[in-house]
There are 2 protein chains.
Amino acid sequence: MTEGGARILLGHGSGGKLYRDLVRDVFVAAFANPVLERLDDAAVLSTSGRIAVTTDAHVVQPLRFPGGDIGVLSVAGTVNDLATAAARPLALSAAFVIEEGFLVDDLVAICRSMAATAAAAGVPIVTGDTKVVQRGVADGLYITTTGIGEVVAVHEVSAAAVREGDVLLLSGSVGDHALAVLAARGEFHFETTVESDCAPLWDLVAAALEAGGAAVHFMRDPTRGGLATVLAELAETTGLGIDAEEEAIPVLPAVRSICDLLGYDPLTLANEGKMLFAVAPERADEVLGALRGCPLGARAAPIGRVISGHPGRVALHTVFGTRRVLDMPVGELLPRIC
Amino acid sequence: MTEGGARILLGHGSGGKLYRDLVRDVFVAAFANPVLERLDDAAVLSTSGRIAVTTDAHVVQPLRFPGGDIGVLSVAGTVNDLATAAARPLALSAAFVIEEGFLVDDLVAICRSMAATAAAAGVPIVTGDTKVVQRGVADGLYITTTGIGEVVAVHEVSAAAVREGDVLLLSGSVGDHALAVLAARGEFHFETTVESDCAPLWDLVAAALEAGGAAVHFMRDPTRGGLATVLAELAETTGLGIDAEEEAIPVLPAVRSICDLLGYDPLTLANEGKMLFAVAPERADEVLGALRGCPLGARAAPIGRVISGHPGRVALHTVFGTRRVLDMPVGELLPRIC
């Protein structure tokens with residue numbers, strides 16, 4: 001990232017004055033809100049009763065990539081996990097593990113990204129922690145965000161609610177995030193215009209819930225392992241079959257080109273701003289329309305259906321007219337993309 | 001830690017099969033509870049309304065030390081931060097950043113420590129995340145825990161509630177944790193019997209609240225920066241003065257010896273199983289009695305008082321009969337002790 005300027009010292013990870021100065025000058029300055037500003041060991045919130053909790057460690061490398069940075073990612077990823085539980089984001093915590101020598105200006109820039117993304121999602125960052133480790137035992141910065149949300153749906157939104165006949169809607173194109181990070185890492189020997197899709201999706205999910213109500217049975221953001229993993233898990237968990245149409249799954253031309261060239265399957269690539277919905281067929285059109293009415297859902301599409309046939313498995317009807325079983329990847333070909 | 005056995009691969013950090021196997025065989029096996037077993041992206045909980053949230057990143061080195069390990073620490077530290085807000089622990093999340101090559105058996109052992117500590121504190125670990133980074137960019141394992149608690153006190157427990165005349169009660173001896181970790185790191189050229197005090201303190205705090213009710217004005221666990229930092233912050237935040245008696249502050253003989261030998265001040269050393277209370281004078285004896293009735297509070301002692309004199313500052317009456325201003329340390333002499 002940038003050169004020169006003040007750097008993080010081991011002393012910034014103490015409980016003493018350097019630590020307090022860092023908290024005030026960087027974190028509180030960026031995330032300004034009354035709960036955080038109390039600087040208590042725990043933040044106190046009021047809730048209506050049913051809450052959702054999720055946590056994500058972020059180790060993406062490089063820290064900045066086309067379309068975002070670790071700050072955007074850490075907020076969006078957590079907001080999106082809350083959204084899968086139909087939970088409006090209420091508060092975030094953020095814990096930083098920082099490598100000694102990290103530039104304070106880069107930390108400030110990342111905190112500004114977090115703050116802007118959190119503001120866009122309407123959620124305050126209410127508490128946090130910072131540890132500093134010696135040079136060489138962290139890759140600049142790791143951020144763990146935890147989200148607390150208020151569950152707004154009165155019906156159950158989970159794999160257990162999925163039924164035969166449900167239509168699978170995808171909010172947009174797949175593969176953008178993973179390829180943007182790989183490109184930023186210099187792993188391709190050519191230029192690309194692919195940008196990460198990382199963005200908080202609560203507004204999109206709220207629109208889907210408003211349009212579909214209890215007909216929205218399931219939501220999941222296809223991050224690590226990609227859409228293939230989400231579909232395979234859904235089939236396995238429900239014991240139902242899934243038919244998916246390869247041609248219906250949006251893939252940007254630039255992503256398609258790289259995948260064709262290098263042999264990646266876009267369905268196994270990570271996304272950070274997409275959501276898959278399983279919706280009862282009688283309301284699928286309304287939900288699709290609501291998604292398309294959102295800036296982040298303009299390319300939403302029906303990509304498949306839940307069936308009673310081939311239970312526990314996903315059949316992908318390919319663009320070549322053949323059918324193949326879609327399974328989750330075994331390991332990780334592309335580490336540290338989130 | 002131990003030698004031989006299966007090791008963590010980068011693929012364990014994927015969203016694929018290796019990842020799922022790790023989650024089921026290690027984390028779900030250790031933390032078994034119905035919310036976690038759903039393996040949803042977000043855990044859903046019911047609460048009574050007022051909740052507390054806190055997060056802590058743990059980077060202690062070595063991972064195992066006399067009296068505990070990073071697993072005990074990660075649960076106890078978070079439960080204790082919730083306790084400072086008079087919040088009964090309701091749920092924990094745990095996010096792991098693991099270095100490629102880490103022994104799976106060591107991860108299992110650490111998860112068992114977490115599970116045992118969480119069980120002792122009566123709190124389930126309901127959600128989590130795991131990322132794997134390449135060899136050399138983490139020191140084995142970092143764990144970030146976030147706690148959600150239900151606030152049980154109807155009165156405000158915070159620095160803002162502290163009044164002139166309040167008695168300061170400390171639940172036990174200071175300095176044990178920091179010295180146990182330093183000894184385990186081989187930084188002393190002699191043997192010591194000092195063990196970390198790391199333990200969850202909710203039962204102790206609940207006993208204090210039951211005995212003292214609204215007379216319990218403030219609680220804080222003196223971790224990084226030690227008791228000196230907590231007292232200096234309290235004086236600064238309240239604008240009141242604090243008189244503390246050095247002789248009254250419990251220090252174990254083995255800790256005292258090392259401090260005398262090496263020039264450490266036990267008041268600036270980190271603790272992971274101690275709590276400082278500010279209590280209205282008319283109820284201080286009841287609260288002290290309640291603390292002493294708890295296994296973790298047997299050595300509880302009154303160590304000072306909040307006064308109107310020397311506002312914003314802490315005066316320590318030393319064992320030599322002199323008085324010195326007690327301030328928080330500027331940086332960190334002892335990194336990575338939590």
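Reader: Which residue stands opposite Leu316(B)?
Author: Arg324(B), in S14(B), is the residue opposite Leu316(B). The label S14 marks a strand: strands (E, at least two residues) and helices (H or I, at least four) are DSSP runs, numbered from the N terminus.

Reader: What kind of model is this?
Author: The model is predicted; local features need pLDDT of at least 70, side-chain atom pairs count only at pLDDT 80 or more, and totals for chains, interfaces and linings use all residues. Residues are numbered from 1 along each chain as its sequence is written, chains are lettered from A and ligands numbered from 1 in the order in which they are written, and side-chain values use heavy atoms, with hydrogens and water left out.

Reader: Back to S14. How many bridges join S13 to S14 in chain B?
Author: Strand S13 (residues 314–317) and strand S14 (residues 323–326) of chain B run antiparallel and are joined by 4 bridges. Two strands pair if DSSP finds at least two bridges between them. S13(B) and S14(B) make a hairpin with 5 residues between them. In its turn, Gly321(B) has a positive phi of about 85°.

Reader: Now the two chains. How many residues of chain A are in contact with chain B?
Author: In chain A, 74 residues are in contact with 76 residues of chain B, where contact means heavy atoms within 4.5 Å. The area buried between the two chains is about 5800 Å², and carbon and sulfur atoms give 54% of that. Buried area is the accessible area (1.4 Å probe) that two parts lose on being put together, summed over both.

Reader: How many salt bridges, then?
Author: There are 10 salt bridges between chain A and chain B. The rule asks for a side-chain nitrogen of Lys or Arg within 4 Å of a carboxyl oxygen of Asp or Glu. One of the residues that form a salt bridge is Arg38(A), whose partner is Glu156(B); the closest N and O atoms are 3.1 Å apart.

Reader: Which element gives the most to the side of chain A that touches chain B?
Author: Several elements supply at least two residues each, including helix H1 (17–31), helix H3 (70–84) and strand S5 (87–99) of chain A. S2(A) gives the most, with 8 residues. By class, this side of chain A has 30 nonpolar, 23 polar and 21 charged residues. Ala, Val, Leu, Ile, Met, Phe, Trp, Tyr, Cys and Pro count as nonpolar, Asp, Glu, Lys and Arg as charged, and the others, Gly among them, as polar.

Reader: What does S2(A) pair with in chain B?
Author: S2(A) pairs with strand S1 (residues 43–46) of chain B, antiparallel, over 4 bridges. Arg50(A) has Ser46(B) as its bridge partner there.

Reader: And S1(A), which strand of chain B is it joined to?
Author: S1(A) is joined by 4 bridges to strand S2 (residues 50–58) of chain B, and the two run antiparallel. The bridge partner of Ser46(A) is Arg50(B).

Reader: What is the order of the 5 strands in that open sheet?
Author: The order is S1(A)-S2(B)-S7(B)-S5(B)-S6(B), with mixed pairing. S1 of chain A and strand S6 (125–133) of chain B stand at the edges with a single partner strand each, so one side of each is left without a neighbour in the sheet. From one strand to the next the twist averages 20°. Axes are lines fitted to C-alpha atoms, for helices over the stretch in contact, and angles run from 0 to 180 degrees between N-to-C directions.

Reader: What about the sheet of 7 strands in chain A?
Author: That open sheet has the order S9-S11-S8-S12-S10-S13-S14, again with mixed pairing. Strand S9 (216–220) and strand S14 (323–326) of chain A are at the edges, each with a single partner strand, so each has one side without a neighbour in the sheet. The twist averages 25° from one strand to the next.

Reader: Which way do S10 and S12 of chain A run?
Author: Strand S10 (residues 241–245) and strand S12 (residues 301–307) of chain A run antiparallel, joined by 4 bridges. Asp243(A) has Arg305(A) as its bridge partner. H7(A) lies across strands of chain A including S10, to which it runs at about 155°.

Reader: Any backbone oddities? Where is the cis peptide bond in chain A?
Author: The bond from Gln61(A) to Pro62(A) is cis, with omega near 5°. Pro62(A) is in the loop between S2 and strand S3 (64–65) of chain A. Chain B has a cis peptide bond between Gln61(B) and Pro62(B), with omega about 5°. His310(A), a residue other than glycine, has a positive phi near 25°. His310(A) is in the loop between S12 and S13 of chain A. Most residues other than glycine have a negative phi, and most peptide bonds are trans.
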